[in-house]
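Okay everyone, thanks for coming. Have a look at the screen, and I'll walk you through what caught my eye.

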Amino acid sequence: MDGLSMSQQEFLAKEKLHKKQVSICRVMILVLLLALWELCARLHIIDSFIFSSPVRIWNCFLEMAGDGSIFLHIGVTLFETLVSFFLVIAAGVLAAIALWGSRSLSEILEPYLVMLNSLPKSALAPLLIVWMGNNMRTIIVAAVSVAVFGSILTLHTGFMQTDPDKIRLIQSLGGTKRDVLTKVLIPSSVPLIISNMKVNVGLCLVGVIIGEFLSAKAGLGYLIIYASQVFPCEYILTETHRAFKGSGSILPPKHP
Amino acid sequence: MKTKLEVRNLCYSYHTLEGETQALLNISFDVRDGEFFAVVGPSGCGKSTLLSLLCGIIGPEEGSILVDGIPRQESHAAIGYMLQRDHLFEWRSILSNVALGLEIQNRYDEEAKKELLKMLDTYGLSRFQNARPGQLSGGMRQRAALIRTLALKPDILLLDEPFSALDYQTRLEVCDDISTIIRTQNKTAVLITHDLSEAISVADRVLVLSSRPARVKSIMEVSFGPEFDRPLARRNAPEFSAYFNELWKELKTDE
Ligand SMILES: Nc1ncnc2c1ncn2[C@@H]1O[C@H](COP(=O)(O)OP(=O)(O)OP(=O)(O)O)[C@@H](O)[C@H]1O
Ligand SMILES: [Mg+2]
């Protein structure tokens, strides 16, 4: 510590303070929102039967945790989301590389990709069940179909923006297209791929829930449908809350 | 003296849907072995295109390029190309940046690494071998780019305005550094620049190109006494301004 100058120490202290402030504000917002919600429910400003309240949700969660059922449902949904997420990333990156590698291929397929991306996938989910049966595979395919086309389009656009001079540099050093791929394209696209992953994790969850709405025997989507028919709102809200948490913890935050 | 590089009747055009851009028209010249050859010409006349052809990134439409008397494609001579900007990769350390060419050609082993470290030391960058390019000054980055090119042990060095991104003072120093490095290693070098005094201060001969499409206007011999061996010293030589005026006139006249 003694090796640092005054101004450097000041800078580090300032950074630390800033980080602390950000964390505190984050927590504060959550606490405030929950408190406000609870308060409104207690004072009957909102109808707690329809809107529920944090305490009721917590109790409901404890009840479900007691018999362990909630963990099964969370586990199923988390598993399906993760599998479809990794499938989307792998398929997206590979397809985008193939499109980057061949100008003809990308020009031929572009209108199809745009069309597939804009299809309302939730409307297709019932069809998928007819085609592939009422099982987990269907749910994963539904989730992949929600995210994969947009992912391919985004990654391909990013890949095409690689600095042509950097490609010339590789060529001038005697490199081939493969060297351009491994030495320039992939490393320079890491931030793009990560931001794409963040979007995809959310989309995959949406796809999984849609799939579970229609065809599952377990999972949060199944629970939501079940609850919306049988139980008051606590169920749905706990589920969505859990689901958010589940998706949020898969990826590290942007500013670690 | 032996001829290293022969360029004969070189023509090149860029084709786009909007039309054809003639860049080079009937260019012919020779570069001798161990010579420092400068090329000057107006902006956009086709200088970078000429180097891309010499390096083999693009192929000529007409004409031929001979290296040591053998057609470029068949010759095994190594040609190093230093681009207009340094293009050091931010996701690599300086050491692995300068090793890029060796890596691509599968020649990066322990011995090559030792040599690179020695070069980094010679050019004052050893302290920064693990730094990211963003932590280096413009002149240091340019030196790193030169090491990346020299690491492949090229017989011929092609330099495309390697100093143009630097401020004036750094530019004089780096130009002095780099041209001394190249001269002591006895490489043949082709330097592109739009700075006439830079061309005169480093080159043995200067080729003047016309505006686009580039044609050879003239080739000027530049020679100074042995006491003016470094570029910075040359700038103080009595003949310097005479050369400058001659080159200036050459560039200005429209035929
Ligand atoms: N990829 C390309 N497609 C079409 N035209 C091009 C292309 N690259 C260069 N040109 C055109 O060819 C001409 C010569 O370009 P070049 O880059 O060789 O010029 P230059 O002499 O190096 O210019 P500068 O001094 O600005 O670096 C320019 O007029 C440019 O518009
Ligand atoms: Mg140029």
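First, a term: when I say buried, I mean under 20% relative accessible area, while exposed is over 50% and partly exposed is in between, using a 1.4 Å probe and protein chains only. Now the small print. This is a predicted model, where local features need pLDDT of at least 70 and side-chain atom pairs count only at pLDDT 80 or more, while totals for chains, interfaces and linings use all residues. Residues are numbered from 1 along each chain as its sequence is written, chains are lettered from A and ligands numbered from 1 in the order in which they are written, and side-chain values use heavy atoms, leaving out hydrogens and water.

Let's start with helix H1 of chain A, residues 6-42. Helices here are DSSP runs of H or I with at least four residues, strands are E runs of at least two, and both are numbered from the N terminus. Does the length of H1(A) add up, or what should we expect? The expected span is 1.5 Å times one less than the number of residues. For the 37 residues of H1(A) that gives 54 Å, and the end C-alpha atoms are 53 Å apart, which agrees.

Which residues of H1(A) are buried? They're Glu38(A), Cys40(A) and Ala41(A). The buried residues of H1(A) pack against helices H2 (48-51) and H3 (54-66) of chain A, with contact meaning heavy atoms within 4.5 Å. Just after H1(A), His44(A) has a positive phi of about 60 degrees.

Over to chain B, and its sheet. It's an open sheet of 6 strands, in the order E6-E7-E8-E3-E9-E10, with mixed pairing; two strands pair if DSSP finds at least two bridges between them. The edge strands are E6 (79-82) and E10 (216-221) of chain B, each pairing on one side only. E6(B) and E7(B), residues 156-160, pair in the parallel sense over 4 bridges, and Met82(B) stands opposite Leu159(B) in E7(B).

Last stop: cysteines. How many disulfides does the structure hold? It's 0 over all chains, counting a disulfide as a pair of cysteine sulfur atoms within 2.5 Å. Why does Cys11(B) not have one? Because its closest cysteine sulfur, in Cys45(B), is 15 Å away, too far for a bond. Cys11(B) is buried, at 13% relative accessible area, and Cys45(B) is buried too, at 1%.
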